[in-house]
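Me: I would like a close look at a single part of this model, namely one strand and its partners. Please treat the backbone of the loops afterwards.

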Amino acid sequence: YNPLRYGITVKDEIKPVLTGFRVYSKNGFGILEGGKEIAPYGVIKKGIYYKVNAIDTIKAWGAVYFGISGYDQLTGASNKNGIYRTEVYVDNELFFSCHFDSVLFKDLKYINALLDYEKYINSGVCYIQTYISENNLFQNTFSPLKGLLEVNDSRLRKIVVKAFDTKENSSELVFYVKGDSTLKTKIKETVAVADSGLWFDA
């Protein structure tokens, strides 16, 4: 449970720091520019917002989802804490949210399914993903679309990722996703590999 809910007070004037961003395509159902299934990006702070480094529009087709890494600190403290609450908006509508106000013991195992677990094991870097897998019953997440964005036309979509701490200090990452129908054939190639038995969707 969050001890700040029970009378403990701390000084916190520092906004969360965003350190990385990833876009994923759902295996067999989506693809990213260049035929990639995962696209990692650095982020930089420009003014009051974070931007994706060197690019502001990501081309994709089909089902995609996002991952964000970052940390938060208290005023006067050097330790790095996890981000308390994450919200993702698509064209100003809430697409995904996740909070860590309290976590039931029985739900702890579901957190691993919310992370980019392979990235975490290999590098120690924690990315919270928007995709909520079918059997993930973690009660601290919300997404009417299971965290999957269907990119099936050429219109430009504005994506805003908001990271909050317990004092409601917040940081925002802003970028755009645009559909590119020329990528459709790349999805078919991915499915062909899946049908060969070399791919599976966990």
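Which residue of β2 does Phe-21 stand opposite?

Reply: In this predicted model, Phe-21 stands opposite Tyr-41 in β2. That contact belongs to the antiparallel pairing of β1 with strand β2, residues 38-41, which extends over 4 bridges. The hairpin formed by β1 and β2 has 5 residues between the strands, and Gly-34 takes a positive phi near 85° in this hairpin.

Strand β1 also has a second partner, strand β5, which comprises residues 57-71; the two pair in the antiparallel sense over 11 bridges. Here Tyr-24 of β1 is placed opposite Tyr-65 in β5. As for solvent, β1 spans residues 17-32 and is mostly covered, with 13 of its 16 residues buried. In a regular strand, side chains alternate between the two faces of the sheet.

The backbone of two loops may be set beside that of the hairpin. Most residues other than glycine have a negative phi. Lys-146, which is not a glycine, has a positive phi near 60°; its place is the loop between β9 (141-142) and β10 (149-151). Because its relative accessibility is 41%, Lys-146 counts as partly exposed, the category that runs from 20% to 50%.

Glu-168 likewise has a positive phi, of about 70°, although it is not a glycine. Glu-168 is found in the loop between β11 (156-164) and β12 (170-179). With a relative accessibility of 44%, Glu-168 therefore counts as partly exposed.

Conventions. Residues are numbered from 1 along each chain as its sequence is written. This is a predicted model: local features need pLDDT of at least 70, side-chain atom pairs count only at pLDDT 80 or more; totals for chains, interfaces and linings use all residues. Side-chain values use heavy atoms; hydrogens and water are left out. Buried means under 20% relative accessible area, exposed over 50%, partly exposed in between (1.4 Å probe, protein chains only). Two strands pair if DSSP finds at least two bridges between them.
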